[in-house]
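Student: Before we begin, I would like to go through this structure with you term by term, asking each time what justifies the word that is used.

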Amino acid sequence: MADVRIASVTKRYGAVEVVPSLDLHIPEGSFTVLVGPSGCGKSTLLRMIAGLETVSGGTIAIGGRDITHAAPSKRGVAMVFQSYALYPHMTVAENIGFGLRLAGMPKSEMEARVREAADILQLGPLLDRKPKQLSGGQRQRVAIGRAIVRKPKVFLFDEPLSNLDAALRAQMRVELSELHQRLGSTMVYVTHDQVEAMTMADQIVVLNKGCIEQVGAPMDLYRAPQTPFVAGFIGSPKMNFIEGPIAREFGGELLGIRPEHVTLSDREGRWSCTVRHAEHLGGETLVHLDSPEVGRLTVKVSGDIAAAPGVQLYATPGLDTSHVFKGGLRAPS
Amino acid sequence: MNLFPRGTLMPFLFACVVAFGVLLPLMMMVTISLNPDEQDILVSMGTLKSFIPEVISFQNYIDVWTDPARPFFRYMMNTAIVTLATLAISITINSMAAFVVAQGSLPGKKGVLLFIVATIAVPAESLVLPQLILAGKLGLVDTYVVQILPGIANALSIFLFFQFFSRIPKDLFEAAELDGFSFFQKYRHIALPLSRPVISAVAILQFLEMWNAYLWPVMVTRGPEVRPLTVAMGAFFGTNQRIPWGDVMAFAVSMAVPVILFFLLMQRQFIASVMSSGVKG
């Protein structure tokens, strides 16, 4: 277990700078999620920590040791890839233990470590199978097993759940969180899925165009996003943004209101709206509205409400939960 | 039940014609080899009788296998040594070269590959004279080594391995790098075990090439100690005497059997390789 300190790290591909100077501290034992849209540099940052990408400038230290130019296998990190990257010709046991064998570990110790990892991940009955005989979730567990046996200081996950279906993804989210609690290791996890970030992280790093927009605990980012980008990225469905005179009424240039913080009424309210479309999700309904005052608006209502297209409704924002931005930053309240 | 789903009858008929064209000479070879009567062979040559055996005798085979002037099994051993040694060394060296070009950080590796592939266009016949002079100067004439060396570096083999290695997902090698594999270990423990289909394809192509090699061995071998089967068979035709067709065909069948067995052994992997690479053998 160790912390990761990234200081003034830059990454350039020729003349293109994908990561301008970036500073970040990943505390020891934390589950840090790097989140952002495609191309924001989150995977590049993770690969620089792993040593699979060279660093154009700055330093990376793990547990106080500068590993900026160390070989990937000498950094004390283990990585789980999106594609699992299992060796197709080896059995599950060989996949998990091969790195240890190459490192010259005695056979008995290696077998003990493989068994221990297999127990943690419930892979015991599958040890003699080849990867092609496993389901997606099982393959993912083998990939995690391969990381566990190395007893790394830092685990790195590069979108590990992207290839799984929705149900399995939800299950694996829980399993990974439990694994983190059990091992207590530092974990750095890359995803573009804000639900994964919110449910698993104890620290979220929101990246945009190679720069850090905000770092913080999931609910801090939800409650007090510091930039419109973070406000729009964290939370599902996406936050409503309102510009113009109404935003100025609230004392800023941009007003952000989450869909779950707007109430709807068919009798009275602040803004009159017309229903465009309603998505019935069972426990809740997403109502998409058009308002002459604020433009398009999405509202999340608990339960199943009848909202046919064209119906007139009134929307009222929660004043305590609205977000005001000025000059691209959160306005002081 | 429709035996030929729509659109498959013409390809089936075409395949039958091709198969028949390939099988006819083989049938003739086997039929003649089983006939001990030379007069009968000559009379029936070109008629239906030369394709369907009427007599079955192994006399020609016994004659060929026990002829002290032409020690068949010695020649076969020579051919096997040269072919298998070439295959083993060639597959090792060519796959390593391809791995460096495909996954290594060699500067100008695209140019190197282009140069290697361009050598496929150079006819082997144009190289035999310089090679012969070189072999003479090195004192290698009439040895196994002189027959093995020119077959080792094989541009087609390098290209086939390169194609395969380039398609192995990058993640596998990166995972290996994190596991502490060296560049050679990535080749040895990941690339090579995965390339079994290509190894089979390359092995079959080169096995045929080496087993049937004639021009180079005839130039560099003198006696039965190192001479291969092809050159020994050529000796049937070099004299003024009447050609003993029964013996020639028995010799040819005996020579073809290992090739057929080798193909049968490798065919599944070979077909998988051809199907996946789009390369026609």
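Student: Leaving aside neighbours within four places in sequence, which residues is Ala98(B) in contact with, and how do you know that they count as contacts?

Tutor: The model is a predicted one, and in it Ala98(B), once neighbours within four places are left aside, is in contact with Ile158(B), Phe161(B), Phe162(B) and Phe165(B). The word contact applies because the C-beta atoms of two such residues, placed from the backbone, lie within 7 Å.

Student: What makes the set that includes Ala98(B) a nonpolar core?

Tutor: A set earns that name because its members are buried residues of the nonpolar kinds, Ala among them, joined through C-beta atoms within 7 Å. The largest such core has 122 residues, and those with the most contacts inside it are Leu34(A), Ile49(A), Met79(A), Leu156(A), Val188(A) and Ala98(B). Its largest share, 7 residues, comes from helix H4 of chain B, residues 72-103. Another core, of 15 residues, lies apart from it, with Val64(B), Phe72(B), Val231(B) and Met255(B) among its members.

Student: Which residues of H3(A) are called buried, and what makes them so?

Tutor: They are Met110(A), Val114(A), Ala117(A) and Ala118(A), and the term is used because a buried residue has 20 or more other C-beta atoms within 10 Å of its own. What covers these residues includes helix H2 (92-102) and helix H4 (136-148) of chain A.

Student: How do you know on which side of H3(A) the buried residues lie?

Tutor: The buried residues of H3(A) cover an arc of only 100° around the axis, and therefore they are on the same side of the helix. The face turned away from that buried side carries Ser108(A), Glu109(A) and Asp119(A), which are exposed; that word is used because an exposed residue has 12 or fewer other C-beta atoms within the 10 Å limit.

Student: How does the reach of H3(A) from its first C-alpha to its last compare with what is expected?

Tutor: Helix H3 of chain A, residues 107-120, has 14 residues and reaches 20 Å, which is close to the 20 Å expected at 1.5 Å a residue. Gln122(A), which follows H3(A), has a positive phi, near 55°.

Student: How many residues of domain 1 of chain B are in contact with domain 2, and what makes up that side of domain 1?

Tutor: Chain B is divided into domain 1 (24-57) and domain 2 (72-277), and the centres of the two, taken over C-alpha atoms, are separated by 34 Å. Even so, 8 residues of domain 1 are in contact with 7 residues of domain 2. On the side of domain 1 that touches domain 2, helix H1 (9-33) and helix H2 (38-44) of chain B each supply at least two residues, and H1(B) has the largest share, 4 residues. By class, that side has 5 nonpolar, 2 polar and 1 charged residues.

Student: Which helices of chain B give two or more residues to the side that touches chain A, and what classes of residue does that side have?

Tutor: The contact takes 14 residues from chain B and 16 residues from chain A. The elements that give two or more residues to the chain B side are helix H9 (170-178) and helix H10 (183-194), and H9(B) gives the most, with 6 residues. Sorted by class, the side of chain B that touches chain A has 8 nonpolar, 2 polar and 4 charged residues.

Key: Residues numbered from 1 in each chain as written. Chains lettered and ligands numbered in written order. Predicted model: local features only at pLDDT ≥ 70, side-chain atom pairs only at ≥ 80, totals over all residues. Domains from an automatic or database assignment. Nonpolar A, V, L, I, M, F, W, Y, C, P; charged D, E, K, R; others polar. Expected span 1.5 Å × (residues − 1). Arc of directions from axis to C-beta.
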